[in-house]
Amino acid sequence: MLKKFEIQDQIRDGFTANLPVAASVAAYGSVLGVLAIQKNVSWIELLLMNISIFAGSSQFVMVDMWQSKLPVIEITLAVLAINFRYLLIGASLRPIFRGTSLGHKFRMMHLVADENWAMTLAASRKGNVSSGYLFGGGLCILSAWCIGTISGHRLGAFVQNPEAFALDFAFIAVFTALTISLWRGKTDILPWITAVILAIISEKMLPGKWYIIVGGIGGALIPIFSKKKEK
Amino acid sequence: MPALITIAAAAIITYILRIGGLLLSDKLPRTGNVKTFMDTLPGTILISLVAPGIIAAGFWGLIAAFFTGLCAYKTGNVFMSMLIGIGIIILQRNFL
C-alpha cells in the first residue's frame, strides 16, 4: 500500500512542477488551434492528435501540411524527422526507469514531452525521482496542451501577440534554468561548449530539429575522446 | 479516413521513437565509454535544444538567458529563474 501512495505523491509533484511551463504550453496551443481552423482541421482531429501524438512542434508541421488531399507519406516522414530526438530523450531516461517492468515502461513513455522530460531529469539530480514524476508532468502538459489547442480552435487565440508577453521566451527561459540544474561541474565544460557550437551551426544548416541530435550526441562524445587522450 | 490514417501513422512513429530509445538504452552496457556517454547526454541534449533559441532572441535574449541561468545556479529555483528571464524580455520589448 505504501508504495502506491508514493507513486501518487510522485505524480502529484511532477504535475505541480510543470504548472508554470504549462501556462506557456497552453498559450502556444491556442496558436495551433487558430492555425488548425485555417487548415480545416476539425477540433476532434486536433484533440485526437494531442492525445495520440502529443508532440507540439510536429503537430504544428502536420497542421501546416494539412490539405484536402492528404500527403500521408510526406507528413509521416516530417513527423519522423522532427520527433527523432525522442529516441535520445527516451535513452536518457534509463536511470529513471531502472528496475521497472516492461509493461510499466510501455505505459509511462507515451506522455514524454521536452518539458516534463527536462523537469524530471533536473529533479532527479536533487533527489529521488521515479517515473511517476515524469508521468505526472506529462499529464500536466497534456492537459494544458488540450485546453490551449481546443480553446484556440473554438474561441480564438488567448493573446493576439504572444511575443509582447515574452511567451516565446518562456520556453527558452525554463529550458535554460533546467539546463543549469543538470550541471555536474568541470567535466561538463567541454561537452557543453561543443554541444552549443554544433547545435548553433547545424540549426542553420539542417531542417527541423536535427540540431538537437547533432549537438546532443557530439557533445556527449567529447568526454570519451578526452579520456583516451589522458591515457 | 485519410485524416485518421495520417494521425495514426504520426502517433505510432512518435511512440516507437519514445519507447525505442528507452528499450535500446537498456540493451547498452552500463560501464565504460557507454556509461560516460549516457551520463553526459541529458545535459548536452538540453543545452543543444535551447542554445539556438537564445541566439535567435538576440542581444537581450543573451542577457535574459544569462540572468535566468545565474538565478538557477544560485537558487536552484526553476520557476523564479524563468520569471526573471521572461521579465527582462517583457520590459525590453514593451519599454525599450
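The largest pocket in this predicted model holds about 880 Å³ of space. Want to find its middle? Look for A:Ser57, A:Glu115, A:Phe171, A:Phe175 and A:Lys209, which are the closest to the centre among the 33 residues that line the pocket.

So much for the centre; now for the walls. Several helices of chain A each give at least two residues to the lining: H2 (19-38), H4 (56-65), H6, H8 (114-126), H9 (131-155), H10 (167-181) and H12 (210-230). Chain B joins in too, with its own helix H2 (32-56) also supplying at least two. If you sort the lining by class, you get 22 nonpolar, four polar and seven charged residues.

Let's pick out one of those wall helices, H6 of chain A, which spans residues 85-92. Seven of its eight residues are buried, meaning each has under 20% relative accessible area, so the helix is largely enclosed by the rest of the structure. The buried ones are A:Arg85, A:Tyr86, A:Leu88, A:Ile89, A:Gly90, A:Ala91 and A:Ser92.

Now step back and see how the two chains meet. Chain A puts 82 residues into the contact, and chain B puts in 65. Between them the chains bury about 6,300 Å², with 76% of that area on carbon and sulfur atoms. Charged partners show up here as well: there are two salt bridges across the interface. To see a salt bridge for yourself, go to B:Arg93 and A:Asp168, where the closest N and O atoms are 3.0 Å apart.

Terms used: Residues are numbered from 1 along each chain as its sequence is written. Chains are lettered from A and ligands numbered from 1 in the order in which they are written. This is a predicted model: local features need pLDDT of at least 70, side-chain atom pairs count only at pLDDT 80 or more; totals for chains, interfaces and linings use all residues. Side-chain values use heavy atoms; hydrogens and water are left out. Buried means under 20% relative accessible area, exposed over 50%, partly exposed in between (1.4 Å probe, protein chains only). Helices (H or I, at least four residues) and strands (E, at least two) are DSSP runs, numbered from the N terminus. On a 1 Å grid over the protein atoms alone, a cavity is a set of points where a 1.4 Å probe fits but cannot get out, and a pocket is an open set with protein on both sides within 12 Å along at least five of seven lines; lining residues have an atom within 4 Å of a point. Grid points are joined across faces, edges and corners, and a volume is the space filled by probe spheres set on the points. Ala, Val, Leu, Ile, Met, Phe, Trp, Tyr, Cys and Pro count as nonpolar, Asp, Glu, Lys and Arg as charged, and the others, Gly among them, as polar. Contact means heavy atoms within 4.5 Å. Buried area is the accessible area (1.4 Å probe) that two parts lose on being put together, summed over both. A salt bridge is a side-chain nitrogen of Lys or Arg within 4 Å of a carboxyl oxygen of Asp or Glu.
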